[in-house]
Structures are given as structure tokens and as C-alpha cells.
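The following exercises concern charged side chains and their pairing. Please work through each task before reading its solution.

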Amino acid sequence: MPPTISATDRPLEKLSADAVVVGIGQGPKGLLSTPGADALDRLLGGRLLAALTDLGARGAEGEVTKLPTFGQGPFPVVAVAGLGAPQAGGGWSPESLRQAAGAASRALTGRGAVVTLLAAVGGAPDAERLHAVGEGSLLGAYEFTAYKSTLPADRPTPPWSFELVVPDAGAAKGPLARVRAVAAAVTLVRDLVNTPPNDLYPAELAARGAAAGKKAGLSVEVLDEKALLAGGYGGILAVGGGSSRPPRLLRMEYRGKKARTSVALVGKGITFDSGGISIKPAAHMEDMKSDMAGAAAVIATVCLVAELGLPVDVIATVPIAENMPSGTAYRPADVVTFRNGTKAEITNTDAEGRVVLADAICRAVEDSPAHLLETSTLTGAQLVALGTRTAGVMGSDDLRDAVVAASRRSGEPMWPMPLPAELRRGLDSSVADLVNANPDRMGGMLVGGHFLAEFVPSGLPWAHIDVAGPAYNTGSPWGYTPKGGTGVPVRTLLATIEDLIAQA
């Protein structure tokens, strides 16, 4: 069961919990206190800040210092989360609070009920602080144990409840309902991405997505391999042809009351990517179970939009396949015909994501959306250019920039990338309309964007979010980000959709 979250406006001394969380900043001359830390310090007889100094706490981002209260408060343990240096104008950003709350949640494994005073930290409006602390607390408490065959009854587990101290508990009910919905959507993505590919093959991912959609009240359609053939989805069929487990196309439709605009969501769903005949190196190939993170994100996002009841029409189109080498696999030199009649010469079967996405985009634009948002773990070049935590965004300038702006508020770092005209020439083919991969590795992320752009009608605002690195954390946990599936970019997709509604 996911942790619960609530708000209270009762005095600190009247609260009871297994631990309390406060924030401390990092200043040029030592620790910077916050209102929550000050309140706790008074409750503990002025001992907190002195004890932190003695323990060598610096208030740095990611730092969590735990210390006992020795019976001086209604909770046995204090977790002091570092906020880092304050912003230029004073106070801390919502993302600093989100990271601190997540780090505290991870550090408090083994503690059940947690009270947090992080929402009292200044620097952002009350609602933004509440959202940030709530999201960080819940997302930091995530764990994936579905495949642990033996779990000791007395093992330390993440906190099971969070209580946020706020000025007005009644006013916090609405924002916390949204926090719970967002955290549940991110958790769905993380769970799907972390599920092994022998259990999450194309038909199963389509079934799980359909089940989530029906639970959210969406209209759902799943196309099997026969329907894909009849519909002319040559790209999806080609990529899925090498697997004994055939491909699928999942469609999920939400019609909002008094909808102000319409959005098409498209997400890449490669349940495992061996590279096909252009096979990948063995090292780290196990991470390729995450190649369906884009699909998981759009599935969760359209369900989240429905749960929040937003005034918008959203249709998610999710191509799902497993890219395997076999006697029936598609080959370099094959020519694939997509749903709209465009033909591509296959020069690399490991550039399969754009091949399935082309068909999905063709289908999505048939709905005449006002905007198209697509996300995928598309290129290793994204990691080379921007690292493991920053996604690259391409597309029409205005929507691309709107996505990046939404990502900054959401705490999912993204960077706007160009589509230089000269790189399009690398997709020219002597035998077909274009090739699926340029042998010249320069600008690989941007070439992938150019390929997708071929299937977007002129004048349709669109954005492609390459989350090859940010969607799956292969390193150690940090902040509210666990090892494995991260849930990126659900929060950015939601924020972008809400911005589009506001502008309509």
C-alpha cells in the first residue's frame, strides 16, 4: 500500500509520530535555519542547532542528519534535511524542498509515521511548497518489491504516513488530493518500468494500460497483430516481427467536460530492446527493459488527467513491440511502409523506436489534435549530449519551449534542442523516402527528432521529449529518485497540458 498523506495545523508539541522532518540551509558562514527548524529547536530547549553543528552538518542538498530527541519531544527521532544554498532572492525553490523531502523519506526507512515541517520553509507560495513537500515525501518512500520472494516480517520499510504541518489544514485538502494523484501516476510508471520483460511483453503492457484506463473511465482500444496489418502499421509490425510475442497498439481516450483544447500523447513502448539484428553489446543490455518508459508515462498521464477532471480532450496512442533478432526479424536494407504511405529504408534495426513512433504519430494526427506531445527513450545520443538527468526537447519552437518551462516547475530537468536543417540530409535514401538512421553519429539525438518530424503535419504544434537517461536511474538513489524507473516525464506532461488549457 502507498503511504498516506495529510495536513495538520495543530501545534508541534501536540503531535505524535515516529520521526519529524525539518529543513536546514547552507550558508557561507554556517547553517541557515528555517521556521520549522526554529520551532523544533525551541521545543528541544535550544539544543538542535548546536547539535547539528557538533555533528558536522552543512545543510547541503541531499544531506540528511538524524539525531535523537532524548524524550524532549513527542517523537524519538529528528531528520534534518539539507536544502542547499538559498536562492538569490532568499528562501528555497520548490524543487529544493521536493528533493529534501525525498531524501528524508529514504533516510527514515524503518520509521512508520512521519511529521514534516518542510512546508514552513520560505521562498515559494504556500501551494507550491505544499505540492513539492508532498510529492517529495511520497515519491521518496517508493520501493519495488514485487519480485522479492522472501521479505522478513521485521524488515525496515519506508514510512507509511506523512503529516504536513501547515497554517490551515482545511485549505490543504485540495492540494493534497492532487499530490496523491500525481504520486500514484508516477508510481504506476515506476512499477511498469521496473517489471521484467518476461512478464511485461507487448500484450501484457497493453492489457495493463487498458486496465488502468478503464479504471479511470477512459475509452480504450487495443489493436493486435491482425488489426495492425489491416490498418497498415508497417513500422510497428516490422519492429515486432522478430519476437514470438507480437506487437500491439494501445489507444486511450479521455473527453473532458467543457474541453478547451485537445492534446495527442504518444509514447514509445519497446518492452525489451535487444537491438534486433543490429544487436546491442551485452554489457548493460538488461537496462533495456526500460525502453517502454515513454509508453508508461503517457498511459499514466492520460489516466491522471482523467482523475483530475481537466477540461481537455486527450488521446494517448501507444505503439508496443519487443525488438528481438530471429529468422523473422526485420533486417538492415528492408524497406518499411508506414500507415501514411511513407517508406523508410532500414539501415539500423536498433533505431527501432522512431520506426514504431512514426506509425503511432500517423494515427494520432488523424484525430486532428490541437497539440501533439511525444516522449520516448529514443537515443543514446541524449545521454551523450545532456547526461543522465536532463531530457532533450525538440519540435515546434513555442511548444518545445512551453514543455521546457513546465519541466522547470515540475522538477524534471529538460533542455531545448534545435533541429538544424543540414542534419535532415543525413536521412536521405537512394531507394526510399528516407532512412531510419544516419551512419554519421554526429547530432544523433537531433537526427532522431528530424525523423519524427517527417510524420508531423505542417502547422501542428508538437514536441518530442527524449528521456533515454532521465527515465531510468542506473546509479544510486538521490532525493526522491529511486534506482530503476523514475516516472519521468509524467509531471512535466501534466504541467504542459495544464498550461495549454490555461492558454486556450
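**Exercise 1.** In this predicted model, determine which residue forms a salt bridge with Arg-363, and classify Arg-363 as buried or exposed.

*Solution.* Step 1: The partner of Arg-363 is Glu-366, with the closest N and O atoms 3.6 Å apart. Step 2: This separation satisfies the criterion, because a salt bridge requires the nitrogen to be within 4 Å of the carboxyl oxygen. Step 3: Arg-363 has a relative accessible area of 16% and is therefore buried, the limit being under 20%. Step 4: Glu-366, at 42%, is partly exposed.

**Exercise 2.** Locate the two residues of the salt bridge between Asp-367 and Arg-251, and assess the accessibility of Asp-367 and of Arg-251.

*Solution.* Step 1: The N to O distance in this salt bridge is 2.9 Å. Step 2: Asp-367 lies in the loop between helix 10 (353-365) and strand 15 (371-376), whereas Arg-251 belongs to strand 9 (residues 248-255); the pair thus links distant parts of the chain, 116 residues apart. Step 3: Asp-367 is partly exposed, with a relative accessible area of 31%. Step 4: Arg-251 is buried, its relative accessible area being 7%.

**Exercise 3.** Describe the salt bridge between Glu-95 and Arg-98, and state which network includes these residues.

*Solution.* Step 1: The closest N and O atoms of Glu-95 and Arg-98 are 2.4 Å apart. Step 2: Both residues lie in helix 3 (residues 94-107), three residues apart, about one turn of the helix. Step 3: Glu-95 and Arg-98 are both buried. Step 4: Through salt bridges that share partners, Glu-95, Arg-98, Glu-135, Glu-412 and Arg-491 are joined into one network.

Note on methods: Residues numbered from 1 in each chain as written. Predicted model: local features only at pLDDT ≥ 70, side-chain atom pairs only at ≥ 80, totals over all residues. Heavy atoms only, no water. Salt bridge = Lys/Arg side-chain N within 4 Å of Asp/Glu carboxyl O. Helix = DSSP H or I, 4+ residues; strand = E, 2+ residues; numbered from the N terminus. Buried < 20%, exposed > 50% of the residue type's maximum accessible area, 1.4 Å probe, protein only.
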